[in-house]
Amino acid sequence: WSRIAEAMAVTDPDGAERIALSITDEHQKAYALADVAKAMVPADPGRARRLISEAERIAQLITGELQKAAIRHHIAKAVAVTDPDGAERIAQSITDEYQRAYTLAGVAEVVAATYPGQAERIAQSITDEHQKAQLLGLIAKAVAAINPSLARQLIAEAKRIAQSITG
């Protein structure tokens with residue numbers, strides 16, 4: 001149902017929202033709401049924010065930390081398209097360090113082409129050196145066509161980190 005709701009969001013937002021809200025599995029409902037919201041952003045940002053708020057409310061009710069982190073990851077990537085700061089806040093709310101870094105990396109990937117400085121700052125905040133090096137490489141790839149100088153700088157930093165990991 002989640003994918004159907006997402007596909008309908010642009011052409012039939014009311015139907016998409018109805019489907020997303022009718023999903024009985026709370027995890028799947030949160031995913032669907034985030035997907036529908038992401039698709040609705042261009043046409044109806046206010047409605048998209050409301051659906052994201054509902055997905056976040058559901059995430060708060062989930063008791064398993066890994067399940068909660070997975071839902072927040074999905075929500076953060078959906079939010080990142082229009083609100084990188086909000087997406088970063090959602091990612092920072094994840095208590096598991098690995099999952100938080102994974103979500104921050106996902107947010108940085110989404111915003112790399114439009115907000116390369118923010119993506120780089122997010123990457124630098126990740127304490128896991130392996131994840132940081134990988135993310136810097138992804139950001140470099142995203143900005144290479146528009147800012148080759150920054151891309152070279154990011155690649156150099158990723159290489160420096162990778163060399164320090166391998167010794």
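Me: Which residues is Ile52 in contact with, leaving aside its neighbours within four places in sequence?
Reply: This is a predicted model, where local features need pLDDT of at least 70, side-chain atom pairs count only at pLDDT 80 or more, and totals for chains, interfaces and linings use all residues. Residues are numbered from 1 along each chain as its sequence is written, and side-chain values use heavy atoms, with hydrogens and water left out. Contact here means heavy atoms within 4.5 Å. On that basis, the partners of Ile52 are Ala34, Ala37, Ile75, Ala78 and Val79.

Me: Which helix gives the largest share of the largest nonpolar core?
Reply: A nonpolar core is a set of buried Ala, Val, Leu, Ile, Met, Phe, Trp, Tyr and Cys residues joined through side-chain atoms within 4.5 Å, and buried means under 20% relative accessible area with a 1.4 Å probe, protein chains only. The largest one has 52 residues, and Val36, Ile52 and Ile75 are among those with the most contacts inside it. Seven residues of this core, the largest share, come from residues 26–40, helix H3.

Me: How many helices and strands does the protein chain have?
Reply: Helices are DSSP runs (H or I, at least four residues), strands are E runs of at least two, and both are numbered from the N terminus. Along the sequence the pattern reads α-α-α-α-α-α-α-α-α-α. That gives zero strands and ten helices.

Me: What percentage of the protein chain's residues count as buried?
Reply: The cut-off is the one used for the core, under 20% relative accessible area. Applied to the 167 residues of the chain, it gives 44%.

Methods:
Buried means under 20% relative accessible area, exposed over 50%, partly exposed in between (1.4 Å probe, protein chains only).
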